[in-house]
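Here are a few exercises to work through with the model open beside you. Try each task before you read its solution.

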Amino acid sequence: MAGTVVLGIESSCDETGAGLVRDGRLLGQALASSMEEHARFGGVVPEIAARAHLEAFTPVVREALDRAGLRPADVGAVAVTTGPGLSGALQVGLAGAKTLAHSLGVPLYGVHHLAGHVAADTLEHGPLPDPCVVLIVSGGHTSLLLVRDLARDPVVHLGDTLDDAAGECFDKAARLFGLPYPGGPAIDRVAREGDPGAVAFPRPLTGPRDDPYAFSFSGLKTAAARWAERYRARGERPPLADGAASLQEAVADVLTRKAVAACREHGVGTLVVVGGVAANSRVRALAEERCRAAGIALRVPPLRLCTDNGAMIAAVGDLLVRAGAAPAPLDLSVDPSAPLEYAALHPVGRAAPALV
């Protein structure tokens with residue numbers, strides 16, 4: 001229903017987010033991250049993430065409401081990430097969202113995390129063109145999608161990652177290079193001083209016989225490891241700026257080459273690039289360059305909406321509410337490995353086995 005304020009809750013990984021959206025417009029949002037707590041381990045620790053969500057949930061919701069100038073009573077629906085993600089982290093967000101929805105007497109919607117990334121762009125650029133090609137690039141996901149009406153229609157997968165996603169490649173390569181976690185921003189910073197053509201890193205799955213829209217970054221990660229090891233075996237320090245720039249160039253080349261090819265093959269005039277890796281400066285620049293050359297409109301959300309946040313979940317909830325979608329059932333649960341089929345994700349918990 002038009003005019004409904006939707007509160008979105010995101011807790012799939014290491015960031016607790018809350019956002020408020022009404023009729024496609026972002027009213028306010030807040031975010032808390034436990035990234036620093038995970039940095040010394042070189043990656044996200046699920047137990048630490050879940051505890052951090054528990055501590056941050058109420059303050060983040062309050063801050064989002066304050067920034068929007070709203071009261072809890074102004075909320076007309078609650079949307080929450082129900083998958084994919086870390087099981088314990090998702091459970092914390094869902095429990096909080098259920099409590100809010102029940103206490104306010106408003107409907108609850110389960111949302112697919114990746115649909116949230118897609119919808120994030122609508123908060124900056126308005127409704128998505130029907131159809132559009134969407135490239136999702138994040139820490140654990142790399143996918144090319146054909147999207148029509150996000151709230152009503154199934155999402156068509158043109159290609160997905162077969163092993164390491166682009167974000168995983170950056171994180172693992174950064175660790176091998178001795179750079180801090182998270183790896184993507186670290187590599188982006190170091191790469192600014194390097195030569196992107198210095199190292200001939202491979203471009204995985206770009207041969208004529210390969211799946212044109214599948215992704216594989218495990219081999220690229222291994223190539224980066226071997227490159228660094230060759231220097232260290234000689235007692236030398238690898239030229240990290242050149243290595244980071246060359247690795248970043250290889251990732252951006254593969255992502256944008258396949259995305260533009262998908263637009264051309266399917267006759268689609270708009271490419272939308274979303275997800276945490278969409279914040280990478282070279283991915284954004286090369287996507288803009290290639291889309292301009294191909295006559296394709298490019299949409300990329302601002303940096304604050306690329307990484308995980310509650311606003312993107314509220315954006316999906318807003319689309320579902322305005323489309324008249326049915327709310328989630330009372331026994332809504334989480335699905336940590338849910339594939340992206342529809343924007344709404346309403347898995348239900350299994351009943352406990354009867355005692356004999």
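**Pockets**

Keep in mind that this is a predicted model.

**Exercise 1.** Work out how the lining of the largest pocket divides by residue class.

*Solution.*
- Start with the classes: the lining of the largest pocket holds eleven nonpolar, 15 polar and ten charged residues.
- Then place the pocket: 36 residues line it, and Ser138, Gly139, Gly140, Asp171 and Tyr181 lie nearest its centre.
- Next, look for the elements that give two or more residues to this lining: they are helix 4 (113-120), helix 6 (166-177) and helix 7 (183-191).
- Helix 6 provides the largest share, six residues.
- To finish, the volume of the largest pocket comes to about 1000 Å³.

**Exercise 2.** Find which residues lie nearest the centre of the second largest pocket, and which helix gives the largest share of its lining.

*Solution.*
- Begin at the centre: of the 17 lining residues, Thr122, Pro127, Leu128, Leu319 and Arg322 lie nearest to it.
- Turn to the helices: helix 5 (122-125) and helix 12 (310-322) supply at least two lining residues each.
- Helix 12 gives the largest share, with four residues.
- Sorted by class, the lining of the second largest pocket has eight nonpolar, three polar and six charged residues.
- The space in the second largest pocket is about 340 Å³.

**The sheet and its helices**

**Exercise 3.** Trace the strand order of the five-stranded open sheet and explain why strand 3 and strand 5 each have one side without a neighbour.

*Solution.*
- Write down the order first: the strands run 3-2-1-4-5, and the pairing is mixed.
- Now read off the edges: strand 3 (25-33) and strand 5 (108-112) stand there with a single partner strand each, so one side of each has no neighbour in the sheet.
- From one strand to the next, the twist averages 20 degrees.
- For a closer look at one pair, take strand 2 (residues 15-22) and strand 3: they run antiparallel and are joined by eight bridges.
- Within that pair, Gly19 stands opposite Gln29 of strand 3.

**Exercise 4.** Which strands does helix 3 lie across, and which does helix 4 touch?

*Solution.*
- Take helix 3 (residues 87-104): it lies across strand 1 (6-10), strand 4 (77-83) and strand 5.
- Its direction makes about 160 degrees with strand 4.
- Helix 4 also packs on the sheet, where it touches strand 1, strand 4 and strand 5.
- The angle between the directions of helix 4 and strand 5 is about 85 degrees.
- Linking back to the pockets, helix 4 is one of the elements that give two or more residues to the lining of the largest pocket.

Notes. Residues are numbered from 1 along each chain as its sequence is written. This is a predicted model: local features need pLDDT of at least 70, side-chain atom pairs count only at pLDDT 80 or more; totals for chains, interfaces and linings use all residues. Side-chain values use heavy atoms; hydrogens and water are left out. On a 1 Å grid over the protein atoms alone, a cavity is a set of points where a 1.4 Å probe fits but cannot get out, and a pocket is an open set with protein on both sides within 12 Å along at least five of seven lines; lining residues have an atom within 4 Å of a point. Grid points are joined across faces, edges and corners, and a volume is the space filled by probe spheres set on the points. Ala, Val, Leu, Ile, Met, Phe, Trp, Tyr, Cys and Pro count as nonpolar, Asp, Glu, Lys and Arg as charged, and the others, Gly among them, as polar. Two strands pair if DSSP finds at least two bridges between them. Axes are lines fitted to C-alpha atoms, for helices over the stretch in contact, and angles run from 0 to 180 degrees between N-to-C directions. Contact means heavy atoms within 4.5 Å.
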